[in-house]
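Good morning, and thank you for the time on today's agenda. I would like to take the group through one model, starting from a single residue and working outwards.

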Amino acid sequence: MRSANAMLLKMIAQLDAQEVATGKAWTAANFGRNTSDLIAAIKSGELNSAIATLPKVRMMRGGLVIEAGGSMLGAVGVAGAYGGEKDEACAKAALAAVQNKLDFWLKRRSASGARAMAPCFGWRPCSFLNQRAMSPFAT
């Protein structure tokens with residue numbers, strides 16, 4: 001019975017991490033800033049702390065804006081590590097790993113005259129957030 005309880009707790013924790021990661025990405029995308037930058041802005045008084053209480057907002061480290069060619073394409077959120085610093089490091093590593101593909105993809109889309117849409121890479125536990133998740137890089 002003990003191992004069944006541990007397994008159930010693990011499954012619940014994974015579901016929660018997915019929800020938190022999506023919330024971090026949503027927050028970064030909607031405010032157009034990394035969640036760690038938003039936290040710093042609240043601490044410095046630049047932003048009102050009441051924004052952290054808005055529905056869907058996850059004011060936790062680990063949400064990063066996806067940018068290429070000077071444009072914001074979307075956001076990525078990572079959750080599940082023990083500490084926001086580790087979540088943020090994972091998100092930064094993920095973006096660094098694909099940044100050259102994002103830049104190439106955006107240049108190719110711009111050259112063809114097509115409207116830019118952010119790609120969705122479908123990594124777990126990362127959550128990419130955008131209105132259209134279509135990409136030649138999708139896995």
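**Asp87 and its surroundings**

Leaving aside neighbours within four places in sequence, Asp87 is in contact with Lys24, Arg61, Gly62, Val78, Ala79, Gly80 and Ala81. I should say at once that this is a predicted model. Asp87 itself belongs to helix 3, which covers residues 84-111.

Is Asp87 buried or exposed? Its relative accessible area is 4%, and because the cut-off for buried is under 20%, Asp87 counts as buried. Two polar partners of this side chain deserve mention. One is the backbone nitrogen of Ala81, which the side chain of Asp87 reaches at 3.1 Å. The other is Lys24, with which Asp87 forms a salt bridge whose closest N and O atoms are 2.8 Å apart. Since Asp87 lies in helix 3 and Lys24 in helix 1, this pair ties together parts that are 63 residues apart in sequence. Lys24 is buried, as is Asp87.

**The other salt bridges**

How many salt bridges does the structure hold? There are six. As general background, side chains of opposite charge can pair when their charged atoms come close.

Consider next Glu19 and Arg58, whose side chains meet in a salt bridge at 2.9 Å, N to O. Glu19 sits in helix 1 (residues 2-31) and Arg58 in the loop between helix 2 (35-44) and strand 1, so the pair connects parts 39 residues apart in sequence. Both ends have an intermediate accessibility: Glu19 is partly exposed at 48%, and Arg58 is partly exposed at 24%.

A further salt bridge joins Glu46 to Arg33, with the closest N and O atoms 3.3 Å apart. Here two loops are linked, as Glu46 is in the loop between helix 2 and strand 1 and Arg33 is in the loop between helix 1 and helix 2, 13 residues apart. Glu46 is exposed, with a relative accessible area of 54%, whereas Arg33 is partly exposed at 27%. Finally, salt bridges with shared partners bring Arg61, Glu85, Glu88 and Lys92 into one network.

**The hairpin and the nonpolar cores**

I turn now to the strands. Strand 1 (residues 63-68) and strand 2 pair in the antiparallel sense over six bridges, and one bridge sets Gly63 against Gly77 in strand 2. The two strands form a hairpin with two residues between them. In that turn, Gly69 has a positive phi of about 60°. Strand 2, residues 71-77, is mostly covered, with five of its seven residues buried.

Which residues make up the largest nonpolar core? It has 12 residues in all: Leu64, Ile66, Ala68, Leu73, Val76, Val78, Ala91, Leu95, Val98, Leu102, Trp105 and Leu106. Strand 1, strand 2 and helix 3 each supply at least two of these residues, and helix 3 gives the largest share, six residues. In general terms, nonpolar side chains in soluble globular proteins tend to be buried together.

Leu64 offers a view from inside this core. Not counting residues up to four places away in sequence, Leu64 touches Ala28, Asn34, Gly74, Ala75, Val76, Glu88, Ala91, Lys92 and Leu95. There is also a second, separate core of six residues, among them Leu38, Ile42, Val57 and Met59.

To close where we began: Asp87 is buried in helix 3, and its salt bridge runs to Lys24. Thank you for your attention.

Note on methods
Residues are numbered from 1 along each chain as its sequence is written. This is a predicted model: local features need pLDDT of at least 70, side-chain atom pairs count only at pLDDT 80 or more; totals for chains, interfaces and linings use all residues. Side-chain values use heavy atoms; hydrogens and water are left out. Helices (H or I, at least four residues) and strands (E, at least two) are DSSP runs, numbered from the N terminus. Buried means under 20% relative accessible area, exposed over 50%, partly exposed in between (1.4 Å probe, protein chains only). A polar contact is a pair of N or O atoms within 3.5 Å; within protein, one must be able to donate a hydrogen and the other to accept it, and residues adjacent in sequence count only if both atoms are side-chain atoms. Contact means heavy atoms within 4.5 Å. Two strands pair if DSSP finds at least two bridges between them. A nonpolar core is a set of buried Ala, Val, Leu, Ile, Met, Phe, Trp, Tyr and Cys residues joined through side-chain atoms within 4.5 Å. A salt bridge is a side-chain nitrogen of Lys or Arg within 4 Å of a carboxyl oxygen of Asp or Glu.
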